[in-house]
Amino acid sequence: MEPLRDLLFDYTIRNVALGSAVLGTVGGALGSFAVLRRQGLLGDALAHATLPGVCVAFMLTGSKSPAILLLGAALSAGLGALFILAVVGGTRIKQDAALGIVLSVFFGAGIVLLTFIAGSGDAGQSGLDRFIFGQAATIVRADVVTMGLLAAAAVVLLALFFKEFKLLSFDPAFAASLGFPVRALNVLLTALIVVAVVVGIQAVGVVLMAAMLITPAAAARQWTDRLSVMVSLSAAFGAASGVCGALISASGSNLPTGPLIVLVATGVLVVSLLLGRRHGFVWAWLAGRRNRREVLGRGGAS
Amino acid sequence: MSPDLIVVVTAVLVAVPCALLGTFLVLRQMSMMGDAISHAVLPGIVVAFFLSESLGPITSLLGAGAFGLLTAALVEALKNTGRVKEDASIGIVFTALFALGVFLISRFASDVHLDLQHVLYGEIAFSPLNALIVGSVNLGPRSFWTMGIVTAMALVVVLLLYKELKIATFDAGLAAAVGLSPALVHYLLMGAVSVTTVGAFDSVGAVLVVAFLIAPPATAYLLTDKLARMLALSTLLGVASAVLGYYLAASMDVAIAGMMAVVAGGFFSLALLLSPSRGLVANSLRHRRNRRSFSRKLLLARLEALGNRTTEAELCENLGWEAGRVSRALADALRGGLVLKPAAGEVTLTRKGREAATGPQAPVR
Amino acid sequence: MRLVKTEAPPAASPLEVSGVTAAYGSEPVLWDVSFRVPEGQLVAVVGPNGAGKTTLLKVVMGLMEPAAGRATVFGKPFSKARQLVGYVPQRGSVDWDFPTDALDVVQMGLYGKLGWFRRPGRREREKAMECLEKVGMAEFAGRQISQLSGGQQQRIFLARALAQEARLYLTDEPFAGVDYKTEQAIVELLRDLKAAGGTVVVVHHDLATVPDYFDRVVILNRRLVAEGPVEEVFTRENVSDAYGGAVSYLAGAE
C-alpha cells in the first residue's frame, strides 16, 4: 500500500512514475514497428548515438533544459542513422557492423565529451551522465512535460499514419505501387523511433533503451495476431513496466529505476511466452498432453 | 615501467584479441552478438567480483565468460521458438542480463569499488595502480596478466583453427560436409569473445569494447579482400587506435577508452571515404565514369538504330532523356571523334562511332 | 526507320515499353527493350534468371529509373495511371509472420483509393470480402496469414489485386511454390480477369505451361528475344536463343 499512497501524494514519485509511464507507452507503441521491421537493434544503436548530441547541446548553450538536451540527442541520433545508411548503402559492410560501429564510436565520443565538460578524466561530475543509465529519480515536472509533449506528438503521428505504416512494414513494394512515398514514410517512422528513444533515455538510459523498444513489443506479439491490438498492448505493457519499475525502485534504497523497468518488462515477456493466447508454451503443452491421452485412450478401447 | 606505458600496453593487449576475433564477427555478420555478449557478461562479472577471493583470476575469467555462452544459447533458444525474431532475441537477452547486472551492483556493491561508470567505459587509467600480488611477490600490473592470457587465447584460437574458422565463415555448407560442426565453431567463437570481453571489462567496459571488436575489422574489410591480410590489418588498426587514442586523451585530459573508440571510428570514417577500392569517393567517381560511358554507348547505339543521321531533338524524344543529358553525351562523343554535327542540331556517326556502336560490347550477349 | 506521324494515334495500349534500357551501375540488365501489349490478353514474360524480368516490372511501375526509354500504361506514365493497375508481388517478398489476417491484407488493395489518413471502414471490409469470395477464400477471412498454405497466401495476394479493380494486372511469379490444384485455380482466375476485359501480365518461369496458359509471350534475355502471340513466337529457336541452348524441359513448344 505504501508505494500506492506515494504514487498519489508524493510529488517526486508521481513525476517519476508518470515519466516512466510515458516512456513505456511511446517505446512500446513504436517498438512494435521496430520489432516487426527487424529494426530493434537499430533502436539500440540510435540510443547510444544520442549521447554526444546531449553533450554538444550543453556545450553550445550551457543549458540543461530538457528540451535543448533532447533536441541535441535527436539530431545526433539522426546523424547516426544517416551514417548507418551511408555505410550499408555505399559499401559491402553489413548492417550489423554498421550498427556496432555507430553504437560504440558515438558512445565513446559521448564519454570523451562528458569528461571534457567535467574538465577531468571523470565523467561523473557534469550531471549529464544520468543519460547513460537514466535516473528516473531525477525526473522533474519540466522533464515530464517535455517527454509528454514529445510522446503525444509521436503517438498522434503514429495514429494518423497507422494504415500507411502497416502497409510499409508488411509489403513496401506494394505500398510503392499504390503511390505511397515509401522513402519518406521510412524516414518518418525512423524519426518517430528516434523520438521514442529520446523520450526514454532520461529514465532508462542509452544502454537499456533497446529493451523498452523490443521487449514489450515481443511480449505483445504473443497475445494477438492483429497489429492494432499488438501496438496498444505493447504500449500498455511498456507503461505498466515503467510504473512498476519506478514504484519498486522508490520503495527501497539502492534500487536503480532503469534496470528494474527492464527486468519487469522481461518478466512480462516470459509470462507472455508461457501463457500467450495463441502461441503460449503452456497451451501447446496441455494440448499435446490431451492429444496423447486421447490417442492412448482409443488405443486402450480397441 | 612508467604508468603511461602500462596503460598503452594494456590497451594494446585489449586491441589485439578484439581485432582477431572481431574479424570473424564482422565476416559472419554477427557484430551485434559481440555487443550483446559484452553487456550480458555483467552479472557474471559481479558474481566473480564477490567470489574473487575464493576464485583465482582465470576461474573468474572463465566463470564470467560462461555468461557470454549463456547469452548465445539463450538467443538461439528464443529464436528457435519461432515466436521472436533473431534481432529482437538479441536485444531482449542482453538488456535483461545487463539490467540484472546493474541491479546487482546497485543493490549489493554500491559501497565497494565497482561503480556504474566503470561498467560502461572501464577505468584503464587505473591499470598501473592495480598490481597482481601473489603471496608477497609483486608480479606487475594485473591487467598485463589478464589481458596477456586473453590475447594468448585469442591467438591460439585463431592460429590453430584458422582453416576451420575460414571454412565455417565462408561456406557453412562445405564445413558441415567435411564434418566440421558449424554450431561448434559458433560457440567456440562466442566463448572466445565472452572471455575477451570479460578480460577487457576493467579496462574499457561493456560498450567501448564493441568499438575494439567491430571498428578495426570493418575498416580492414574496406581495404582488403584477403582474410589473412584482414586479420593483420585489423590488428594493426586496433593497436594504432589504442596508442593514438591514449596520447590524444592524455593531452586533452579526457576519457582514455572513449578516445580510443573515437580514433577507431575516425580510421573507419577515413577508410569509408577514401579506400581506393571500396571508399565512397572512389565509388562515386567510378559510378560517374560508368554512367558517362554507358550514356555514350547508349547514344551511339540509338544513333545507329535511327539510321546514322538524326537530330538532337529526335534523340531526346527517342531516348526519353532531357536535352541537357543528350547534349552532354553528344559533347562527350564529339570529343572522342565518334559523332559529327554536319549542321546545327543534326547528328551523324563517324566511322569510328559506327564501329563503337556495333562493336562487340554494345549489345548484350 | 523513321516514324511517320500521320495516322491518328491508336487507342493507348495497357502496357507499352519503348526503348527501355536499364542498368545497375554500368551493368545493363535491360537493353533497348520495346513491345506493346494489346488489351484483353494474358501475357507471359519469360526468360532465364537475371534476364531482367523483375527489373522490367520495376521500370514499368516507376520503382526504377531507366537509363533510356520509357514505359507507359494506357498511354500515361505509371504515376498518372496507377489506379488502373493491380500488382501482385512475389509471395516470398513479405514476412508472412506479420500480425494480420487474410481480410486485412485484401483491404490493403484499397488503401490507394482511400488516400491518406482515412481508415478502411465497413464498405472496404465488404469489398474485400467479395474479393476473397472470388478467389474461394472467404472462409479464411479471419485466419492469421502465417496459418495459410503457400497456395492460399498466393490467392490472398490475388484477391488484394482484385480489390484494386484494375484494368491491367502485373503479377510476379504467381505460380511459384503452389500445388497443381492451386495453379489451376489461379489460371482460372486470370482467365476470368481477361474475360472481364482486363489485361494480365505474368512474370513466369515454367516454360512448359506457357502455351496452355497464355495468349502472348515476351521472351527476354536482357534484350528482347521475341514478343507476340504464343503460337507464332514461342518457338524452340527463340526459346533456346534466350536460354542459350539447353532447354530440354521445353515440351510442345514447336
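This section describes two chain contacts and two helices of chain B in a predicted model.

The contact between chains A and B takes 54 residues from each of the two chains. On the chain A side, the elements that give two or more residues are α3 (40–61), α4 (66–90), α5 (95–118), α6 (130–133), α10 (182–221) and α12 (257–275). Helix α5(A) provides the largest share, 15 residues. By class, this side of chain A comprises 32 nonpolar, 16 polar and six charged residues.

Chain C also touches chain A. Here 18 residues come from chain C and 18 residues from chain A. The chain C side divides into 10 nonpolar, five polar and three charged residues.

Within chain B, helix α10 covers residues 182–221. A straight helix of its 40 residues would reach 58 Å at 1.5 Å a residue. The end C-alpha atoms of α10(B) are only 23 Å apart. The helix has a kink of about 120 degrees, centred on Phe201(B). Of the 40 residues of α10(B), 33 are buried, so the helix is largely enclosed by the rest of the structure.

Helix α13 of chain B spans residues 280–305. At 1.5 Å a residue, its 26 residues should span 38 Å, and the end C-alpha atoms are 37 Å apart, which agrees. The buried residues of α13(B) are Ser295(B), Arg296(B), Lys297(B), Leu298(B), Leu299(B), Leu300(B), Ala301(B), Arg302(B) and Leu303(B). Just after this helix, Gly307(B) adopts a positive phi of about 85 degrees.

How values were computed. Residues are numbered from 1 along each chain as its sequence is written. Chains are lettered from A and ligands numbered from 1 in the order in which they are written. This is a predicted model: local features need pLDDT of at least 70, side-chain atom pairs count only at pLDDT 80 or more; totals for chains, interfaces and linings use all residues. Two residues are in contact if their C-beta atoms, placed from the backbone, lie within 7 Å. Helices (H or I, at least four residues) and strands (E, at least two) are DSSP runs, numbered from the N terminus. Ala, Val, Leu, Ile, Met, Phe, Trp, Tyr, Cys and Pro count as nonpolar, Asp, Glu, Lys and Arg as charged, and the others, Gly among them, as polar. The expected span of a helix is 1.5 Å times one less than its number of residues. The bend at a residue is the angle between axes fitted to the seven residues ending there and the seven starting there. A residue is buried if 20 or more other C-beta atoms lie within 10 Å of its own, exposed if 12 or fewer, and partly exposed in between; C-beta atoms are placed from the backbone.
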